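Got the viewer open? Let's walk through this one a selection at a time, starting wide and then zooming in.

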Amino acid sequence: MRTQVAIVGGGPAGLMLGRLLELRGIESVILEARDRAYVQHRVRAGVLEQATVELMDEVGLGARMHAQGLVHRGVELRFEGEGHRIDFDALTGGRAITIYGQQEVVKDLIEARRAPLLFEVSDVRVDPVAPAVSFVHEGAAHELRCDLIAGCDGFHGVCRPAIAHALTVYEREYPFGWLGILAECAPVSEELIYARHERGFALASMRSPSVTRMYLQCAPDEPVWTDAAIWDELDRRFGLRVNRGRVLEKSVTPMRSFVAEPMQFERLYLAGDAAHIVPPTGAKGLNTAMADVYLLAHAIEAFYGGDGSGLDAYSSRALERVWRVQHFSWWMTSMLHRIGDAFQLRLQLAQLRETVGSRALSTALAENYVGLPFRAA
Ligand code: APR
Ligand code: PHB
């Protein structure tokens, strides 16, 4: 087998990269370890930055997102029993976010894919020097020769470990996780609420006008709570009576910050969760993956036009944005979670009051939340 770009991983990063290449007449093969139903139904993030929305439009896949997505022009920060709105519209000159589940983005991209997308591949091995990817599909072993490999196989994939000798890792683990639920009821508010409470952080989000998504800060190894205990704790931390409904899904996610540098070795380029992880406070994971592949697709297009300088600069350009987003996610996380000693908690309140009280700080939050523009070079 032979292709131009071998893409390992059919999550949002790999699928969007495949789409961007297809539109440029560049061949690719996407190799995905899971089956189609699994990747389409896995509940993940749900906030699309303005630039991600624009990218979905650019690749011709915005229709369902605009029909079903919910446009939000602000978020609420809640502490000491009071809510404070951060007005994106006023603070960012009309920018906004759109609530549209990651798995919906994945469905739209899979639906549109015409070029090879192989599900349930196993024994994937990458050779960044050849370059080539070997794998097993439907019981047969294959070798895929290519010009470039895109490592889009997420945090637990094989691409980053394959080049570990060439990487430096920067990492922070947090002493807590998020207990997340998806429930059949109307959201408690029209916009997202990020709540800081002495008992821990809570977040109210949604997937549609009738499906709520909520999170509670918990111990990283927390045994999953009963539904009743979750609802009571949500009421307590928001200081509100939240709507209740049938719980469709619940799970605990650990929280970490992680960056591997550089995002390249020989002819293997990493993108998305394969290269970096942010804690979910601020909803940057999916959007950062999209920013990476946008940059990478343009660099690959230039490479086939005879100019390899974009590929050479890919890692350093991507990392500039990655670190900006790392800082924002760490800042939101440390401002809102129960963390540190009593002194630290007093500092948090001072910081929160300043953030909602100062136009400069509110603007910084709003600009980072709606997201930085994607760079093509
Ligand atoms: N071979 C092929 N595919 C693999 C392999 C492998 N060895 N290992 C993992 N995969 C697949 C996973 O099954 C998954 O579908 O790679 C895909 C990686 O997708 P994601 O983990 O979703 O990562 P990414 O595409 O970078 O998306 C960014 O941002 O919102 C966050 O974590 C959230 O998934 C989201 C991410
Ligand atoms: C979500 O809806 O899943 C969500 C929203 C905001 C976040 C994280 C997750 O910061």
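Start with the whole chain on screen: of its 377 residues, 46% count as buried. Bear in mind that you're looking at a predicted model. Now switch to cartoon, and you'll have twelve helices and 20 strands to find your way around. The radius of gyration is 21 Å, close to the 21 Å that the globule rule gives for 377 residues, so the chain is as compact as a globular protein of that length. Rotate onto the principal axes and the C-alpha trace spans about 60 × 40 × 40 Å. If you draw the contacts with a separation of 6 or more, 73% of them are between residues 24 or more positions apart.

Next stop, ligand 1. Select the 28 residues around it; Gly-9, Gly-11, Gly-154, Gly-272 and Gly-285 come nearest. Color that shell by class and you get 14 nonpolar, nine polar and five charged residues. Which helices each supply at least two residues of the shell? Highlight 12–23 and 285–304: those are helix 1 and helix 9.

Keep helix 9 shown and select helix 3, residues 50–58. Its buried residues are Gln-50, Ala-51, Thr-52, Val-53, Leu-55 and Met-56. What covers them? Helix 9 turns up again here, and the cover also includes strand 3 (47–48), helix 4 (63–68), strand 7 (97–99) and helix 12 (359–370).

For the last click, go just past the end of helix 3 to Gly-60, which takes a positive phi of about 80 degrees.

Conventions
Residues are numbered from 1 along each chain as its sequence is written. Chains are lettered from A and ligands numbered from 1 in the order in which they are written. This is a predicted model: local features need pLDDT of at least 70, side-chain atom pairs count only at pLDDT 80 or more; totals for chains, interfaces and linings use all residues. A residue is near a molecule or strand if its C-beta atom, placed from the backbone, lies within 6 Å of it. Helices (H or I, at least four residues) and strands (E, at least two) are DSSP runs, numbered from the N terminus. Ala, Val, Leu, Ile, Met, Phe, Trp, Tyr, Cys and Pro count as nonpolar, Asp, Glu, Lys and Arg as charged, and the others, Gly among them, as polar. The radius of gyration is taken over C-alpha atoms; the globule rule is 2.2 Å times the number of residues to the power 0.38. A residue is buried if 20 or more other C-beta atoms lie within 10 Å of its own, exposed if 12 or fewer, and partly exposed in between; C-beta atoms are placed from the backbone. Two residues are in contact if their C-beta atoms, placed from the backbone, lie within 7 Å.
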